[in-house]
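User: I'm new to this structure and would like to learn how to read it. Could you walk me through a few features, one at a time?

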Amino acid sequence: MTRAFLPLALAAAVAMPTIAGAAETPQPPRIIVSGEGEATVAPDLALLSLSVMREAKTAREALNANNDAMAAVIAAMKAAGIAERDLQTASIQINPRYNYPNKTDGGEEPKLIAYQVTNTLSVRVRDIAKTGEILDKAVSLGVNQGGGISFTNENPATAITEARKKAVADALAKAKTLAEAAGVSVGKVVEITDQNYAPPPMPMNAKAFDAAGASVPMQAGENAYKVVVNVTFELK
């Protein structure tokens, strides 16, 4: 290649990417909308958190008393038909309890009064109809602190799938309404993302258990599973 043609060749090489980029087809306009869907289903699982607290002058005495009480609670759970796999120790805490003097001059040190041992048991109840009876037995045998209950579903996949379909349909309806108002129409789906939300737990503490004379009355109700989707459509 002669020197005379070299500048022209370099100029052509630089210009080619620019020409290729200009030839690309511009992307069509798009619209992004969110849709919501909800499906309800009766719960088939109750989750209990049962705590036993015992107090004594020494940590050893408090632990022994707690062990006896919790062993009775676990035995009652098994007798009520709760399987071994549905019983799990959630936590064990040993805490000293002090008596703090009212003096503000700091002349008297806090006095150790006792030790408190708290053992918390997580229980899955698969026969929801027995939930109140099981709570009553637990309280009678020593559950005396904290506690909580929530109703859930072991496999909510069917309800979540139904909620997803409703959410996508809602998003499509919104997109069509907005497009018609703008004088255009909805094209193909470009992207979909989703989030699903499980129903929050329904807390219940031990004080509520104490008020029950017989088995604790329970209303399981329904669980609502919600899905939110973000859908990107092309406009045409």
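Analyst: We'll go through salt bridges, an aromatic pair, a surface patch and a helix. Before that, keep in mind that this is a predicted model, where local features need pLDDT of at least 70, side-chain atom pairs count only at pLDDT 80 or more, and totals for chains, interfaces and linings use all residues. Residues are numbered from 1 along each chain as its sequence is written, and side-chain values use heavy atoms, with hydrogens and water left out.

User: Okay, salt bridges. How many does the structure hold?

Analyst: The general idea is that side chains of opposite charge can pair when their charged atoms come close. Here, a salt bridge means a side-chain nitrogen of Lys or Arg within 4 Å of a carboxyl oxygen of Asp or Glu. The structure holds nine of them. One of these joins Glu84 to Lys78, with the closest N and O atoms 3.0 Å apart.

User: Are Glu84 and Lys78 buried or exposed?

Analyst: We go by relative accessible area: under 20% is buried, over 50% is exposed, and in between is partly exposed (1.4 Å probe, protein chains only). Glu84 counts as exposed at 56%, while Lys78 is partly exposed at 39%.

User: Which parts of the chain does the salt bridge between Arg126 and Glu154 tie together?

Analyst: First, the labels: helices (H or I, at least four residues) and strands (E, at least two) are DSSP runs, numbered from the N terminus. Arg126 and Glu154 form a salt bridge, their closest N and O atoms being 3.0 Å apart. Arg126 sits in the loop between strand S4 (111–125) and helix H3 (131–140), and Glu154 in the loop between strand S5 (145–152) and helix H4 (157–182), so the pair ties together parts 28 residues apart in sequence. Arg126 is partly exposed at 30%, and Glu154 is exposed at 52%. Both belong to a network of salt bridges that also links Asp86 and Arg124.

User: And what about Asp194 and Arg164?

Analyst: Their side chains meet in a salt bridge too, at 2.6 Å from N to O. Asp194 is in strand S6 (residues 186–197) and Arg164 is in helix H4, so this pair ties together parts 30 residues apart in sequence. Asp194 is partly exposed at 34%, and Arg164 is partly exposed at 34%.

User: How do I read aromatic pairs?

Analyst: Rings of Phe, Tyr and Trp (its six-membered ring) pair if their centres lie within 6.5 Å; planes under 30 degrees apart are stacked, over 60 edge-to-face, and the rest tilted. The count comes to one aromatic pair. The rings of Tyr98 and Tyr100 have centres 6.3 Å apart and planes at 50°, so the pair is tilted.

User: Where is Tyr100 found?

Analyst: Tyr100 is in the loop between strand S3 (87–99) and S4, and is exposed at 55%. Tyr98 is partly exposed at 38%.

User: Last one: how should I read helix H4?

Analyst: An α-helix has 3.6 residues a turn, so residues three or four places apart point the same way. The buried residues of H4 are Ala159, Ile160, Ala163, Ala167, Ala171, Ala175 and Ala179. They pack against strand S1 (30–41), S6 and strand S7 (223–235), where contact means heavy atoms within 4.5 Å. Just after H4, Gly183 takes a positive phi of about 80°.

User: And the surface patch?

Analyst: Patches are made of residues with over 30% relative accessible area and no salt bridge; like charges are joined within 9 Å, nonpolar side chains (Val, Leu, Ile, Met, Phe, Trp, Tyr) within 5 Å. Accessible areas come from the Shrake-Rupley method with a 1.4 Å probe, and for residues, only the protein chains shown count as cover. Tyr98, Tyr100 and Leu112 make a nonpolar surface patch of about 320 Å².
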